[in-house]
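Hi there,

Here is the structure I promised to pass on to you. Have a look at it first, and then read on for what turned up in it.

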Amino acid sequence: MPVEKNSEYYQLLLQRWQQRKCSPDEALELMDYLQQNGANRILLSEMQAAFYQVKPDGSPDSGEYSARVREELLKRIQSTPVKLMPPGHQNRARFRYAAAAAIVIGISLPTAWYIWQKQTKGQKPIAAKTATPTDVLPGKNKAVLTLANGEKVVLDSTGMQQLAQQGNNTTVNKNGQLVYIASSNDSQSPVYNTLTTAAGEAFPLVLADGSRVWLNAASSIRFPVSFSSNERVVDLSGEAYFEIRNDAHRPFRVNVNKMSVDVLGTSFNINAYPDENTINTTLLEGAVKVNSGNNNLQLAPGEQSQVSINGNIRKITGVNTGEIIAWKDGYFQFENTDLTNVLKQFSHWYNVDIVYEGHVKPRKFFGMISRNSSLMNVLKMLNANDVAFRLEGRKLIVQGEK
């Protein structure tokens, strides 16, 4: 006899979830239900803190906060009409994979779903929590713009502000987004600006042709204030996500170290951090050609090129593009991600140095975590998977077997 999917049913699932007794299918069903309501999504992320027995500000919880969050969510479940998402919903399928894989590699399932905090598209990000004295706050929407004359301008999330008039072109900080407005009759020699982020900073940019760039932490991009009549060229270090305005008469090129990426109109991500073994270009839409010395490679959506230090290129197919660009949308996403790569991302965003002590056993991680979380709240994921660590100022020491 089919089970009636009413409010009482979801209250029971919630209780089983908190007691860590849910099966993977039950957890998926509960997540699908809660994700349909914005207020429930926020409460769901707060439940992660309650699960780890801390309050949103990072202070210890005696149990009162956990109980209050649970009671409020139960009320929401009772008053919200039941409407399940289609079985083939993308997020459900992705989480099913994560939960199933967690069993295979031995990660506890409660960890796999309690760290699941995806910010739904269009949803306002949860405000950053205040860190404890031994904690590290998350990164900020901040950067430094270096003008052609060498002047440096600090950018943040302030309102509309005109920054510079360079020739016939106007540069503005529009609510935390750097925007270039080019004159249609500009025929001057190219004037270059550079946008730079430190570790723990990120900033969006709209180029003079309307192309959009999201610059990740510890990165920089050099670009002309306005593009010439026959080409569009920028230079990148670090990581950025691009959405290029289509222009068949002016191909777009990104130069990175000794390689380049040619596009007409497309969306792609380039990761060229110095601490990576390869320069990775991942294509989401359109088509790009990756060039390295005499080697080149054409990519289709869902494919990634990896360029090694010696210039060799290889293609990876079936890439999870959502995981690659999660940083742009304000969260970390891990799907079968090893500990080293997890910590690299934390290092860039929280501006901490990673130090390993002794032999640290390899582990894989699954889940999604808001980049608005403080470092200690994020690191609870590691602690829940028996990864020992300590934080000394800006140094995160991961402790292994000696």
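A definition to start with: rings of Phe, Tyr and Trp (its six-membered ring) count as a pair if their centres lie within 6.5 Å. Please keep in mind that this is a predicted model.

With that cut-off in hand, a search of the whole structure gives ten aromatic pairs. One of them is made by Tyr180 and Phe223, which meet edge-to-face, with 5.1 Å from centre to centre and 85° between the planes. This pair ties together distant parts of the chain: Tyr180 belongs to strand S6 (residues 178–181) and Phe223 to strand S10 (residues 219–224), 43 residues apart. Are these two residues buried or exposed? Both Tyr180 and Phe223 are buried. Elsewhere, Phe227, Phe242, Phe252 and Phe268 come together as one aromatic cluster.

Rings also meet charges here. Arg222 places its charged end over the ring of Tyr192, 3.9 Å from the ring's centre. Arg371 lies over the face of Phe332, and there the distance to the ring centre is 5.8 Å.

Next, the strands. A good one to follow is S11 (residues 232–243), which runs antiparallel to strand S9 (residues 212–215) and is joined to S9 by four bridges. In that pairing, Arg212 stands opposite Glu243 of S11. S10 pairs with S11 as well, in the antiparallel sense and over three bridges. Here you will meet Arg222 again, standing opposite Asp235 in S11.

Which way do S11 and strand S12 (residues 252–256) run? They run parallel, joined by four bridges, and Val233 stands opposite Arg253 in S12. Strand S14 (residues 267–272) is antiparallel to S11, with six bridges between them; Tyr241 stands opposite Asn269 of S14. As you trace these strands, it may help to remember that side chains in a regular strand alternate between the two faces of the sheet.

Finally, the overall picture. The secondary structure of the protein chain comes to nine helices and 24 strands. The chain has 402 residues, and 50% of them count as buried. Of the contacts between residues at least 6 apart in sequence, 53% join residues at least 24 apart. The accessible surface of the protein chain is about 19200 Å², and carbon and sulfur atoms account for 48% of that surface.

Enjoy exploring, and do write back with any questions.

Best wishes

Key. Residues numbered from 1 in each chain as written. Predicted model: local features only at pLDDT ≥ 70, side-chain atom pairs only at ≥ 80, totals over all residues. Heavy atoms only, no water. Phe/Tyr/Trp six-rings, centres within 6.5 Å; stacked < 30°, edge-to-face > 60°. Helix = DSSP H or I, 4+ residues; strand = E, 2+ residues; numbered from the N terminus. Buried < 20%, exposed > 50% of the residue type's maximum accessible area, 1.4 Å probe, protein only. Lys NZ or Arg CZ within 6 Å of the ring centre and 35° of its normal. Pairing = 2+ DSSP bridges. Contact = heavy atoms within 4.5 Å. Areas by Shrake-Rupley, 256 points an atom, 1.4 Å probe, with all protein chains shown as cover.
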